[in-house]
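Biologist: Hello! I am new to this one, so could you show it to me and let me ask how you know what you say?

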Amino acid sequence: MPRIKVPRKSTAIDMTAMCDVAFLLLTFFILTATARQPEPLPVDTPASTVKIKLPDTDIATLTVGRGKVFFSIPGQDIRRDLLEKMGTAYGIEFTEEEKKRFSVMESFGVPIGNLKQIIAMKGEERNKEGLQPGIPVDSVGVRPSELHQWVYQARLATKELHNQDMRVSIKGDANEKIPEIQKVIEILQSQNVNKFSLITSLRGEDY
Amino acid sequence: MAELDTSGGGGKKGGKIRTKKMSTRVDLTAMVDLAFLLITFFMLTTTLSKPQAMDIAMPDKDVKEQQQLTIADNRTMTILLGSGNRVEWYMGAVEKPLTPPQVDNYGKNGIRKALLEKKKEVIAMTGDPAKSLIVLIKPSEKSKYRNLVDILDEMAIVKPQTYAIVDIFEPEIELLKREGLYQ
């Protein structure tokens with residue numbers, strides 16, 4: 001008797017194509033994850049429930065931690081222009097080489113007198129912890145503080161080059177004493193920068 | 001999962017010993033799962049690593065103190081930020097507070113409950129939901145930055161009519177000292 005063969009269909013799917021797609025997507029996401037710059041002042045931001053993201057350009061970040069204030073602003077052209085303006089304001093000449101090196105520096109915090117030294121250093125040395133003492137926030141006699149100048153000149157540079165109003169954000173350490181933050185806020189208020197953002201990490205409402 | 005199919009070589013009968021052709025079929029499902037897990041991880045970490053921003057607007061520095069004080073006392077709540085992650089609050093003016101100053105913690109069961117209660121009371125009193133609580137936040141020297149952010153967070157959650165960050169007065173520092181919140 002002829003045996004009725006039940007055709008057995010194979011249920012195994014060839015997953016090679018799916019695997020290829022998955023690794024392609026993975027490569028894309030790994031490459032678009034921008035590598036974080038090492039910060040000279042690591043700061044632990046406090047948490048809050050607000051979910052608004054910061055804009056990427058035309059925003060200066062004042063990092064406040066351990067009594068020091070560091071300044072950073074994105075945009076190589078703005079940094080270059082800012083350095084030239086600060087040089088004029090404080091009577092310091094910066095060479096073309098120094099201007100180029102400064103325009104790739106991210107966050108920094110030194111009195112203007114030591115700026116040339118910091119520019120000359122290499123990236124890893126610069127960002128060593130404890131090396132940079134922070135931008136001075138106290139005013140010298142009638143002259144406004146250096147931080148005031150940095151913020152003011154950066155606002156000028158942003159307006160001239162990008163025709164935008166520069167925004168200011170404050171990235172403070174959670175355990176920083178309030179008077180330090182109040183000093184920075186006062187410097188901003190004295191320039192009529194009454195709106196700024198505080199950088200926080202995310203948390204839920206139940207705490 | 002991975003199967004080694006050794007039956008292909010069999011069936012041939014012959015004197016010579018032939019090397020059996022083994023066909024290997026590897027099931028790639030696990031590898032795909034892993035790849036998608038990694039994708040999800042990278043997708044979430046690159047967007048979450050962008051810091052969040054909490055906007056603040058400060059009053060103009062040149063505005064005189066007097067102008068700020070001409071607001072209804074019975075709608076104003078003053079919150080003093082003390083040390084040890086605690087706050088002290090009262091309604092009205094410091095010389096004669098409308099409620100005795102009370103100490104609270106941050107968070108849902110602490111200051112948030114008080115804020116929500118008072119906001120409801122004020123709305124009931126004025127009868128106008130647009131005219132609700134006014135909050136004055138006075139950070140003391142002994143408080144931390146995270147305390148300020150926590151209180152501003154509460155403002156974002158509770159949504160009073162207005163709030164402002166102002167300087168603290170001497171009598172209020174005395175209040176804090178009395179409760180041991182000024183270390």
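**Reading the model**

Modeller: Gladly. In this predicted model, chain A has a radius of gyration of 25 Å, whereas a compact globule of 207 residues would have one near 17 Å. Along the principal axes, the C-alpha atoms of chain A fill a box of roughly 115 × 50 × 35 Å.

Biologist: What are the elements of chain A, from the N terminus on?

Modeller: They run α-β-β-β-α-α-α-α-α-β-α-β, with seven helices and five strands.

Biologist: Why is Asn192(A) called exposed?

Modeller: A residue counts as exposed if 12 or fewer other C-beta atoms lie within 10 Å of its own. Asn192(A) has 10, so it is exposed. Its place is the loop between helix 7 (178–190) and strand 5 (195–202) of chain A.

Biologist: And what makes the phi of Asn192(A) worth a remark?

Modeller: Its phi is positive, about 65°, although Asn192(A) is not a glycine. Most residues other than glycine have a negative phi.

Biologist: How do you know that Asn85(B) is partly exposed?

Modeller: Buried needs 20 or more other C-beta atoms within 10 Å, exposed needs 12 or fewer, and partly exposed is in between. Asn85(B) has 16, so it is partly exposed. Asn85(B) also has a positive phi, near 60°, and is found in the loop between strand 4 (76–81) and strand 5 (86–91) of chain B.

Biologist: How do you know that the span of helix 2 of chain A is close to what is expected?

Modeller: Helix 2 (residues 76–90) has 15 residues, and at 1.5 Å a residue the expected reach is 21 Å. From first C-alpha to last, helix 2 of chain A reaches 21 Å, so the values agree. After helix 2 of chain A comes Gly91(A), with a positive phi near 70°.

Biologist: Which residues of helix 2 of chain A are buried, and what covers them?

Modeller: The buried ones are Ile78(A), Arg79(A), Asp81(A), Leu82(A), Leu83(A) and Met86(A). Their cover includes helix 3 (96–102) and helix 6 (146–162) of chain A.

Biologist: Which residues touch the most other members of the largest nonpolar core?

Modeller: Among them are Ala60(A), Val184(A) and Leu148(B), in a core of 64 residues. Helix 7 of chain A gives the largest share of this core, six residues. Leaving aside residues up to four places away in sequence, Ala60(A) touches Phe71(A), Ile73(A), Val151(A), Ala154(A), Met166(A) and Val168(A).

Note on methods: Residues numbered from 1 in each chain as written. Chains lettered and ligands numbered in written order. Predicted model: local features only at pLDDT ≥ 70, side-chain atom pairs only at ≥ 80, totals over all residues. Helix = DSSP H or I, 4+ residues; strand = E, 2+ residues; numbered from the N terminus. Rg over C-alpha atoms; globule rule 2.2 N^0.38 Å. Core = buried A, V, L, I, M, F, W, Y, C linked by C-beta atoms within 7 Å. Contact = placed C-beta atoms within 7 Å.
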